[in-house]
Amino acid sequence: MNRIFNFSAGPANLPLAVLEQARDELTSWQGRGLSVMEDSHRGPHFMELAEQSEEDLRDLLAIPDRYAVLFMQGGATLQFATIPMNLAREGQGVDYLVTGHWGRKASAEAAKLRPLQIVADGEELQYRSVPARNRWVEGKDAAYFHYTANETLHGLEIDPPPDVDYVPLVCDMSSTLLSRPIPVERFGLIYACAQKNLGPAGVTVVIVRRDLLERVPADTPLALNYRKIADAGSMLNTPATFPWYMASLVFRWVAAQGGATGMAERNRRKANLLYDYIDASDFYANHVDPNWRSWMNVPFTLADPELNASFLEDSEAEGLYGLKGHRAVGGMRASIYNAMPEKGVKALVGFMEEFERRA
Ligand SMILES: Cc1ncc(COP(=O)(O)O)c(C=O)c1O
């Protein structure tokens, strides 16, 4: 079997050990003669998986008891609407810091439901940097402050969290959760789709401070109601059992790599390797302000865009897949999530050197 190095932004690569375990257990989970996909979500075996996976995630991120952990569906995009519905009253404002494509999407969805205040928008900085804190304009009586920890398209990452304490901090961590330790207690709510660092698409993790559940309006639709979902242990209706199972294996894998701290050390090394090479080269460039460069997504351009097509073709022939940048940004992008081994990044740098030499 020939595995390639997959640099896609999401769905992204999964740890080989996780895929192999899932393969081995596919038709007979726990040696019981049925697949996890075929087992009842309310049966003792899946219930145990659900409880254990929550505990594992709590351990990995040091999530305090005063936070509920929900396993939902609908991806991050459904959270864009679910958050204002749950955390803001009808007519109450919501504050959004926009530092890229996903923050803009989240704010546009919120604007359909609640009065929106854009605290600052980095568009004039081409989303290559974060607007200065002293230029942010906060809303009055906002229900919460939302930002995107890692803008997947632009390769811009905000860490540590912004200095905001006037309202609960709400964060889209879709492309950064589990890549490093985070100060959970700084947040009111954290959410992440799975298909970058947590598992396959289909399960969405929400970590929410329990006191905020008191805010949830009674008329919030059931399947979107954080309070009801928390009360039901994420079993209000049939959860996405297979993606949840895959996420449970990924949590174990992350723990075996040294947890969030171990991942952070590895991710820093991988990102530095790539940025150092790009910065030293006249042929490649990354345009993101070095203060805000992402460990997870590294966009880069070639000095001559005419070479883009052959770069992509040749890299794919070398087993380096998914390097095309998002159409909104152009150029290339290497997504180097947790499951990308260091040797994958080394192989990419080796190819980039070789391509430059030949060009
Ligand atoms: C930061 C961020 N937020 C939100 C999304 C949207 O996630 P989904 O497709 O699960 O709705 C993505 C997907 O790439 C993302 O990277």
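This short talk goes through the overall form of one chain, its nonpolar core, the surroundings of its ligand and one residue in a strand.

Before anything else, please keep in mind that this is a predicted model, in which local features need pLDDT of at least 70 and side-chain atom pairs count only at pLDDT 80 or more, while totals for chains, interfaces and linings use all residues. Residues are numbered from 1 along each chain as its sequence is written.

Let me begin with the chain as a whole. Its secondary structure comes to 9 helices and 14 strands, where helices (H or I, at least four residues) and strands (E, at least two) are DSSP runs numbered from the N terminus. Along its principal axes, the C-alpha trace spans about 65 × 60 × 30 Å. For 359 residues a compact globule would have a radius of gyration near 21 Å, and the chain, with 21 Å, agrees; that radius is taken over C-alpha atoms, and the globule rule is 2.2 Å times the number of residues to the power 0.38.

Buried residues make up 42% of the 359 residues, a residue being buried if 20 or more other C-beta atoms lie within 10 Å of its own, exposed if 12 or fewer, and partly exposed in between, with C-beta atoms placed from the backbone.

Turning to the interior, the largest nonpolar core has 95 residues, such a core being a set of buried Ala, Val, Leu, Ile, Met, Phe, Trp, Tyr and Cys residues joined through C-beta atoms within 7 Å. Its largest share, 8 residues, comes from helix H6 (residues 241-256). Leu 189 is among the residues with the most contacts inside this core, and the residues that Leu 189 touches, leaving aside those up to four places away in sequence, include Ile 83, Val 206 and Val 208; contact here means C-beta atoms, placed from the backbone, within 7 Å.

Next, the ligand. Among the residues that surround the ligand are Trp 102, Asp 172 and Cys 193, counted when the C-beta atom, placed from the backbone, lies within 6 Å. Helix H3 (residues 75-87) gives the largest share of this shell, 3 residues.

Finally, what about Gln 117, which lies in strand E4 (residues 116-121)? Gln 117 counts as partly exposed because it has 18 C-beta neighbours inside 10 Å. Gln 117 touches Gly 93, Asp 95, Gly 139 and Ala 142, not counting residues up to four places away in sequence.

Key. Contact = placed C-beta atoms within 7 Å.
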